[in-house]
Protein chains: 2
Amino acid sequence: MAGNDSTVFRTTTTAPVNIAVIKYWGKRDPQLNLPTNSSLSVTLSQRSLRTLTTASCSSHYPAVDELTLNGKPQEIQSSKRTLACLSNLRAQRQALESADPSLPKLSTLPLRIVSENNFPTAAGLASSAAGFAALVRAVADLYQLPQSPRDLSRIARQGSGSACRSLMGGYVAWRAGEHQDGSDSLAEEVAPASHWPEMRAIILVVSAEKKDVPSTEGMQTTVGTSTLFATRAKEIVPERMTAIETAIQKKDFPAFAEITMRDSNGFHATCLDSWPPIFYMNDVSRAAVRLVHEINSIAGRTVCAYTFDAGPNAVIYYLDEESEIVGGTIKAILGSSAEGWEGPFNERMQNVTGGVSLDKLDSRTVDVLKDGVSRVILTGVGEGPISVDEHLVSETGEIMSRK
Amino acid sequence: MAGNDSTVFRTTTTAPVNIAVIKYWGKRDPQLNLPTNSSLSVTLSQRSLRTLTTASCSSHYPAVDELTLNGKPQEIQSSKRTLACLSNLRAQRQALESADPSLPKLSTLPLRIVSENNFPTAAGLASSAAGFAALVRAVADLYQLPQSPRDLSRIARQGSGSACRSLMGGYVAWRAGEHQDGSDSLAEEVAPASHWPEMRAIILVVSAEKKDVPSTEGMQTTVGTSTLFATRAKEIVPERMTAIETAIQKKDFPAFAEITMRDSNGFHATCLDSWPPIFYMNDVSRAAVRLVHEINSIAGRTVCAYTFDAGPNAVIYYLDEESEIVGGTIKAILGSSAEGWEGPFNERMQNVTGGVSLDKLDSRTVDVLKDGVSRVILTGVGEGPISVDEHLVSETGEIMSRK
């Protein structure tokens, strides 16, 4: 990777979306993005959803670092979080260069970073997690940093809290940590995707009104005003973290499911208990909750679980072996009234013939879902960031778009 | 009231609806209806909403006590709660008769009780509170019991917890009490209606789907499963009780309003945190929440407050002096799209010309309310039960209907 003066150094990585089953909500230190409680997520397959990011640097770039997201140049200087990540990564590179003077002085070169999501921002999926994970991973690769994903998660966390969990695949915990400097607030793999590869997720994208409150603002409102939040953060979540890690180790889906659903409900309860109250779930979300409870009740066992982030979209987890009853029922309800069934996980769904008879479901639940779900994303547990050769910056430094 | 063998003894009373501002949710003793926490309500005027109940007894009635509600004979023997109230009242009468042998032996006579609400049950208003308060008050009057409303509240509580608060007017606290036998779990007047007579309430009746879970069942689900409930019952509500009593004494509407709204939100948060989760508020309820916050924000001061019981209806409290901005805005939004504007409190509303310009409100909030609110009930703080002469049982014992 040594080069002459006009060389463009570049690396490209993909990074996944993750959906928490124990929710991150509340910062004990907003500056360092240190959370009030630990959280745990499932990394989703990049065959469905991913961010693709090329990090490049060159001496012939303009002096100021540049970032382009989905074709739009970003005001990088006004994003403290991006600057924090970049200066941190650059410092790590500087340390390498100091230790080994033969290394090219990449830390002195301006960066040009180009990033694209393969899903619409309007879908209301937490794109910042995948985005910052990809940015950190791509620049770390560019700089050939020796740090592990665990170490890098400390940097990604400063970009967007939940981004730290997107640096790894499978089942990932973000340990809240205790140190004031955040040195022990980082992500750890609880189990790789290969430990429990049968985990599937159907995302029901709900035709969203305007989002109630941005999550960065909302979570601090909750921390500051909810009378129930401290109990959640200090007592309830630590117990749930232990219990769900055990459930994952044992591949105990019913336990995993109940904890997931209860934590989603508890998180939204503290939002409602905030002042002023924050609502992310709407009537369509509630219909998805009812549907999951009805399917489990009709099945006579726990075959699916819902969770909701800071928005109305439902994510429904289930195991591949339950595709007939879970996927089949959802397909029977939504059929062609929702887009997005295509995609790499659709093959399994094309062949489902089963599912709960719609007559057994509450007809209002069915109607509300049919009207309110605009898009379906089929996915499952997946791997962490992957290095790829499809660069978004050309060999001579031009920005290229894959769209 | 002495009489010959065929005399029909009768008394009639009205009783009010009350709407809690600190919510009753959870029993520590389901048998005795002892609550997990104290609660506080505003008694609503009987000019708008009331139950009318005649209690009568006669030796020529059939041997078994009878109860007719809204024209329909009730299976009194299968209602443990009704039986508990009647046996309790009868025992009090027996004690009187034992002490004074000259009294007619009413306690030995079968009862015929006839009760009518002046509002549709379908409106989703807590009719059991007014119903049991009227039943207890009417029979106590029939038996000429010397007990105070406070004492009688102990009996009404066993019929329906919140009924104990409908035995008094104005601002009423139900003290949870500590004794196992419930002897100290009773209602107390915090302030009479005349202390703060300007309190008004607009009830927005929401076209209800089927109710999620009956409150008797729902509250015990919450007690048994919500991880946040104990904090609410033990820590949060006691503080709020003290604070709202002070606000009432001082007629401090902003404080009253904030506590009221926060307690409603906190109660619904513990419902959502229950397992399985319980939802009473829907998108129309949320729109009412938003409207209240928007009106207060535009007014630049707290002029109205929402509260929600175990259903989607919004009750919006405000002071008469704010009728223009609060009532005017709601009237401008709902206009003729909601029924029920007629009634004794409508006079003030007919003359309102003010209100927030609808352009300043979120248009979706306005649309959701316009579509989702079917009926409006205008009312205000009012008195406790009142003895009246319009009996629902004739001099000869026949059931009469006022409808």
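Colleague: What makes B:Glu188 and B:Arg175 a salt bridge?

Modeller: In this predicted model, their side chains meet at 2.9 Å, N to O. The cut-off is 4 Å, so the pair qualifies. The two sit in distant parts of the chain, 13 residues apart: B:Glu188 in strand β11 of chain B, and B:Arg175 in the loop between β10 (171-174) and β11.

Colleague: Why is B:Arg175 called partly exposed?

Modeller: Its relative accessibility is 24%. Buried means under 20% and exposed over 50%, so B:Arg175 falls in between. B:Glu188, at 23%, counts as partly exposed by that rule too.

Colleague: Which residue of helix α3 forms a salt bridge with B:Glu188?

Modeller: That is B:Arg150, with the closest N and O atoms 3.4 Å apart. The partners are 38 residues apart, B:Arg150 being in helix α3 (residues 149-159) of chain B.

Colleague: How do you know that B:Asp151 and B:Arg154 form a salt bridge?

Modeller: Their closest N and O atoms are 3.9 Å apart, and the limit is 4 Å, so the pair counts. Both lie in helix α3 of chain B, three residues apart, about one turn of the helix.

Colleague: Over in chain A, why is α1(A) called roughly antiparallel to α3(A)?

Modeller: The axes of α1 (residues 80-99) and α3 (residues 149-159) of chain A come within 7 Å and cross at roughly 155 degrees. Angles over 145 degrees count as roughly antiparallel, so the label fits. The residues of this contact divide into five nonpolar, four polar and one charged.

Technical notes:
Residues are numbered from 1 along each chain as its sequence is written. Chains are lettered from A and ligands numbered from 1 in the order in which they are written. This is a predicted model: local features need pLDDT of at least 70, side-chain atom pairs count only at pLDDT 80 or more; totals for chains, interfaces and linings use all residues. Side-chain values use heavy atoms; hydrogens and water are left out. Axes are lines fitted to C-alpha atoms, for helices over the stretch in contact, and angles run from 0 to 180 degrees between N-to-C directions. Helices (H or I, at least four residues) and strands (E, at least two) are DSSP runs, numbered from the N terminus. Angles under 35 degrees count as roughly parallel, over 145 as roughly antiparallel, 65 to 115 as roughly perpendicular and the rest as oblique. Ala, Val, Leu, Ile, Met, Phe, Trp, Tyr, Cys and Pro count as nonpolar, Asp, Glu, Lys and Arg as charged, and the others, Gly among them, as polar. Buried means under 20% relative accessible area, exposed over 50%, partly exposed in between (1.4 Å probe, protein chains only).
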